[in-house]
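Colleague: I have just opened this one and would love a guided tour. Could you tell me what lies behind the words you use as we go?

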Amino acid sequence: MNFNAYFSIPLLCAALMGCNSDLPPASNEQMKGLWYSPLYGEIKQISVNDVQTWQVTSNICFQSITQDPFDLMRNHSVRLGDTLIYHRPYDTAPVSYTRIQNLDEICTGGLIRTIDDPDYQFNAQEVFRIFWLDMKEHYAFLKERKMDWEEIDENYYDDLSNQNEAGLLAVFSEILKQLNDGHTRLYFDLEQEPISYEAKPHLSVLLMQEAIEDGLIGEQIDGYIQNQRKKIIENISLYMNAQTRTGYIQRAKNQNLGVNWGIVEYDRNSTGYLSIDHFVNYIDSSGIEKEDISYANEKFNVLLDEIFENLNETEQLIIDVRDNEGGYDLQALELIKRFLKDEQLVWDISTAFEGKLWPSNLVYAKPERDRRYQGDVILLTSNGTFSAGETFALAMAALPQVRILGEATGGATSDTFLRMLPNGWLYEMSNEYYQNSDSVNAEVTGVLPDIDVHPYERSSREAGLDSALEKAFEVIQNNQ
């Protein structure tokens, strides 16, 4: 099938920031019908007040989970002829769908049963082949991660004949371990942690390694990790001046907030300190249904107003994302705006499909709030700076007033693309290619620091110091 006809108008509209995004949302009647997105491998079947999703893998289709409820799509979609553009209110990139008349236009390989069908029978080879084909079509970084995907099929497919789910699970675990992408993971049981492997260790892994080296076992390891995390916070608090130390310590006890700040008086120099542990502030992320996060971003901005009112008189600012586990790029974007002087390109996001990167979305931002920070910034990073924490670092790296200190970030910048397998298992993959305004992509390599330093040096920690902060103060003193 020639997909060019399905790409031309949607891609043009997406590249132009949505194409008539000021139009009123599509009405219920305008949305009715079948809508196909090749880039995202799905067909939306929209009725008067409901949405059902068909997953398209190669030319095979099956009914899948629906993350975007009807009201969300209705309130954030516009229709232009036979194109439906859904401006996802939780993400930076819109999705464009082309109208089709029936499933047979796309599903030429047939419709297959899933676990919800009473006649469904598990077939390990069928489930494996769906996964393999889907990754081949939509995964963005097989080359960067040095994966021969044809060889994966050759090595595993034949041996899965008559295999049970446990055997298939073991195969998927082997493949994901080889891929080593923390954004590509398998949910075989929603009550258990997914199968996932990360190429670079985050803070808890480093602390666990320290505990094992010390001969600790079982609950002793958990206790060590918890105590060392507290020690890191206590050490940082010792740098704060008397006016801000108490507030910093109190906020540190509220682990759900994920944001903390204070002022350091160092050698007659006033330096602001801001730590961001995640970008899911005020967001209820339970379940798989998507939501409009604008309400949460507004609350986040109110908090940022307070923070920058407190830190605005400092001579420079240290932002700590060493332990930032990610979240929503849109929320990270709200913080990025606080450091912009003019409108500029923040991210150029492409979507992977059939071995190519298709232009998808240019994300521009401009300063919108009165409380902004115009001084120099040092950004602290580590291998544990992950996902939206990384895309934040990627955007900040392009700003002239920002220097990055620490170690390379985790190397998993893509958003996660949720998919389903016929037996009900869910999996996520990396399908988007992020570049900053300097055309830098950081998948696998991570965002590289300007100044290398161990972000959590143990000897410094035991001495009541923080190795990254000590280096940051040295840089400030020497005006490096």
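Colleague: In what sense do strand 8 and strand 17 pair, and over how many bridges?

Modeller: Strand 8 (residues 185-187) and strand 17 pair in the antiparallel sense, over three bridges. Two strands count as paired if DSSP finds at least two bridges between them, so three bridges satisfy that rule. Within this pair, Arg185 stands opposite Glu428 in strand 17. Before we go on, please note that this is a predicted model, where local features need pLDDT of at least 70 and side-chain atom pairs count only at pLDDT 80 or more, while totals for chains, interfaces and linings use all residues. Residues are numbered from 1 along each chain as its sequence is written, and side-chain values use heavy atoms, with hydrogens and water left out.

Colleague: What makes something a strand or a helix here?

Modeller: Both are DSSP runs numbered from the N terminus: helices are H or I with at least four residues, and strands are E with at least two. Strand 16 (residues 416-420) is another partner of strand 17, antiparallel over five bridges. There Phe417 stands opposite Met429 in strand 17. The hairpin of strand 16 and strand 17 has five residues between the strands, and Gly424 takes a positive phi near 95 degrees in that hairpin.

Colleague: Why is strand 17 called largely enclosed?

Modeller: Five of the five residues of strand 17 (residues 426-430) are buried, so the strand is largely enclosed by the rest of the structure. Buried means under 20% relative accessible area, exposed means over 50%, and partly exposed is in between (1.4 Å probe, protein chains only). Leu426, Glu428 and Ser430 point one way from the strand, Tyr427 and Met429 the other way, and all are buried.

Colleague: Is Leu303 buried or exposed, and how do you know?

Modeller: Leu303 has 7% relative accessibility, so it counts as buried. Leu303 lies in helix 10 (residues 294-311) and touches Leu257, Val259, Trp261 and Tyr282, leaving aside residues up to four places away in sequence. Touching, or contact, means heavy atoms within 4.5 Å. Leu303 and Val259 are 44 residues apart in sequence and 9.1 Å apart in space, C-alpha to C-alpha.

Colleague: And what should I call Pro25, given its relative accessible area of 46%?

Modeller: Partly exposed, because its 46% is in between the two cut-offs. Pro25 is found in the loop between helix 1 (4-15) and helix 2 (28-31). Its contacts, not counting residues up to four places away in sequence, are Gln30, Arg74, Asn75 and Ser77.

Colleague: How do you know that helix 4 and helix 6 are roughly parallel?

Modeller: The axes of helix 4 (residues 124-138) and helix 6 come within 10 Å and cross at roughly 20 degrees. Axes are lines fitted to C-alpha atoms, for helices over the stretch in contact, and angles run from 0 to 180 degrees between N-to-C directions. Angles under 35 degrees count as roughly parallel, over 145 as roughly antiparallel, 65 to 115 as roughly perpendicular and the rest as oblique. Helix 4 and helix 6 are therefore roughly parallel to each other. Their contact is made by Ala124, Val127, Phe128, Phe131 and Met135 of helix 4 and Leu168, Val171, Phe172, Ile175 and Leu179 of helix 6.

Colleague: What makes the link between Ser173 and Tyr197 a polar contact?

Modeller: Their side chains are joined at 2.8 Å. A polar contact is a pair of N or O atoms within 3.5 Å; within protein, one must be able to donate a hydrogen and the other to accept it, and residues adjacent in sequence count only if both atoms are side-chain atoms. Ser173 lies in helix 6 (residues 165-179).

Colleague: Which strands stand at the edges of the seven-strand sheet, and why are they called edges?

Modeller: That open sheet has the order 4-3-2-1-7-6-5, with antiparallel pairing. Strand 4 (60-64) and strand 5 (77-80) each have a single partner strand, so one side of each is left without a neighbour in the sheet. The twist averages 30 degrees from one strand to the next. Inside the sheet, strand 1 (residues 33-37) and strand 7 (residues 95-100) pair in the antiparallel sense over three bridges, with Leu34 opposite Ile100 in strand 7.
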